[in-house]
Amino acid sequence: MIISKNFLISIVIWKKSNKFWFRIHCLFTIISMIMLGLTGCSDKAPKIVDARITPQVYASNENNFDKANNIATMLSDIYKDAVATNTLGSLVTMQRMVKKLGENGYVAVDDRNQVDMTRAEQVLEFCKIVEKKKFGEITIIVITEFGFRKFDLKTKEGNVNIVRGYYQYDQNGNVQSRDIVNYSADFWKYTEEGYLIFEGNYFSDENFVLTLSDTSEHTMLRVLPLDEKCRELNRKYILPVGYEQNNLFLCNWSTQNLGDLDFYDLFDRFYPIIYNQPVPYAADENLTVTAVYQIPEDIFENVIRRYINVSSEILRCKTTYISEHTAYQYSPRGFYEAEYPEIAYPEVVSYTENQDGTITLNVNAVNANENTSKEFSHTTIIHPLNQNSFQYISNEIFLSEENYDIWWHSNRLTEEEKEAYEGDKL
């Protein structure tokens, strides 16, 4: 789902001023996403979303689909193989598709920016044309898990117009057009980190009913290649935890001073990695009711200490430990601890292998919704122990501004805050 800029701003203001209303707004957003998902999953003919698109765009719709169908045909063997091997959307499949398109002259990248862009020099040249206010055009293909997006960009006198089509494979392997939108780039930037970012607004009947405004679309594509070793380190040590509902990379800490680390959130992140299954201690069906569990100490401590070198004594001081039951009291995040769903993702941009066997990772937080390829950065030190084991040693975060607030992150509520919210419901 694409959320309008006005809607996004309202969430920011409400979250900063009143956490309760932010949670209400998050629930509204989730319901909206479900509604849009239900209305957008049919196999209808190609749909033009922007009611203000010029007649020329309507006339070229059939031509757009023909080009998209040619692209789908080009990738059909890879797609069929991925379906047969249940690897659709995997990194290997994305790499094969991007490579195939590049070999056939297309600028291509994956929607997660985990594969180096092919024909990137064409994008760099197009950016120069925009800067010089000359005429130019380019097509960029962005591979998604179940299809691809085709961006047709044209520039004249420094203005950039985008026609974006989204094409998805149906159950028979045939490509279907899900929507085509047209908009002018209100924001256009090629960043120092090697990303092309553009944003624009278009009209959508469905979204207008929910937001009473145009729909804002943010696109962020990594143009410059990234050291494959950096990508490997990111996939192994940083991406599995990420920034969602935990502060491992969002605060300063070390094994000597654990700072504000939230070990309950870390339990939620580490458990699925270790056991390859969701955390079994589920939230109550009524998200406004706090579910309370007692996790045996051997389970809780083994999960945390697999990746953090912390003693049992310190761990028990920083949590609620029930000695008579030799267990840790635990409550899953509830409704009032929800986070905004569109958050930054980490990208390792450089690393240093230290003499003591540790590795220092320099990481940028990339956030398309904030139109920035470096919302903040952090330096994380990890210590590989063997091929399948490692520990986090420390993290230091660097914010872009002194008073910058990572507004989309929510800490868990304290017991006092939970009691206050419970009192508000009475």
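## Exercises on strand pairing and helix packing

The residue N362 in β14 is the bridge partner of S350. This is a predicted model, in which local features require pLDDT of at least 70 and side-chain atom pairs pLDDT 80 or more, whereas totals for chains, interfaces and linings use all residues. Numbering starts from 1 along each chain as its sequence is written, and side-chain values use heavy atoms, without hydrogens and water.

**Exercise 1. Determine in which sense β13 and β14 pair, and how many residues lie between them.**

*Step 1.* Locate the two strands (DSSP runs of E, at least two residues, numbered from the N terminus). Strand β13 covers residues 345–353 and strand β14 covers residues 359–366.

*Step 2.* Examine the pairing (at least two DSSP bridges between two strands). Eight bridges connect β13 and β14, and the sense is antiparallel. One of the partners in β14 is N364, which is bridged to E347; another is N362, bridged to S350.

*Step 3.* Inspect the connection. Five residues separate β13 from β14 in a hairpin, and G357 in the turn has a positive phi of about 95 degrees.

**Exercise 2. Place β13 and β14 in their sheet, and state which strands the helix α8 lies across.**

*Step 1.* Read the strand order. The open sheet has five strands, arranged as β9-β16-β15-β14-β13, with antiparallel pairing.

*Step 2.* Identify the edges. Strand β9 (253–254) and strand β13 each pair on one side only, and these two are the edge strands.

*Step 3.* Add the helix (a DSSP run of H or I, at least four residues). Residues 228–238 form α8, which lies across β13, β14, β15 (376–386) and β16. The direction of α8 is at about 115 degrees to β13, where angles run from 0 to 180 degrees between N-to-C directions of lines fitted to C-alpha atoms, for helices over the stretch in contact.

**Exercise 3. Describe the sheet that contains β1 to β5 and its covering helix.**

*Step 1.* Establish the order. Five strands, β1-β2-β3-β4-β5, make up an open sheet of mixed pairing. Its edge strands, each paired on one side only, are β1 (107–110) and β5 (175–184). On average, and with direction ignored, neighbouring strands in this sheet are turned by 20 degrees against each other.

*Step 2.* Take one pair in detail. Strand β2 (residues 136–143) and strand β3 (residues 147–156) run antiparallel and are joined by eight bridges. Within β3, R149 is the residue opposite V142.

*Step 3.* Place the helix. Helix α6, residues 120–131, lies across β1, β2, β3 and β4 (159–169) and runs at about 140 degrees to β2.

**Exercise 4. Identify the strands that pair with β12.**

*Step 1.* Consider β10. Strand β10 (residues 293–296) runs antiparallel to β12, with four bridges between them. Here Y330 of β12 stands opposite Y293.

*Step 2.* Consider β11. Strand β11 (residues 321–322) is also antiparallel to β12, over two bridges. The bridge partner of I322 is A327 in β12. A hairpin with four residues between its strands is formed by β11 and β12, and T326 in the turn has a positive phi of about 45 degrees.

**Exercise 5. Characterise the crossing of α9 and α10, and the residue classes of their contact.**

*Step 1.* Use the axes. Those of α9 and helix α10 (residues 297–307) come within 9 Å and cross at roughly 85 degrees. Therefore α9 is roughly perpendicular to α10 (65 to 115 degrees).

*Step 2.* List the contact residues (heavy atoms within 4.5 Å). From α9 they are F263, Y264, L266, F267, F270, Y271, I273, I274 and Y275; from α10 they are I299, F300, V303, I304, R306 and Y307.

*Step 3.* Sort them by class. The contact has 14 nonpolar, no polar and one charged residues; Ala, Val, Leu, Ile, Met, Phe, Trp, Tyr, Cys and Pro count as nonpolar, Asp, Glu, Lys and Arg as charged, and the others, Gly among them, as polar.

Note on methods. Angles under 35 degrees count as roughly parallel, over 145 as roughly antiparallel, 65 to 115 as roughly perpendicular and the rest as oblique.
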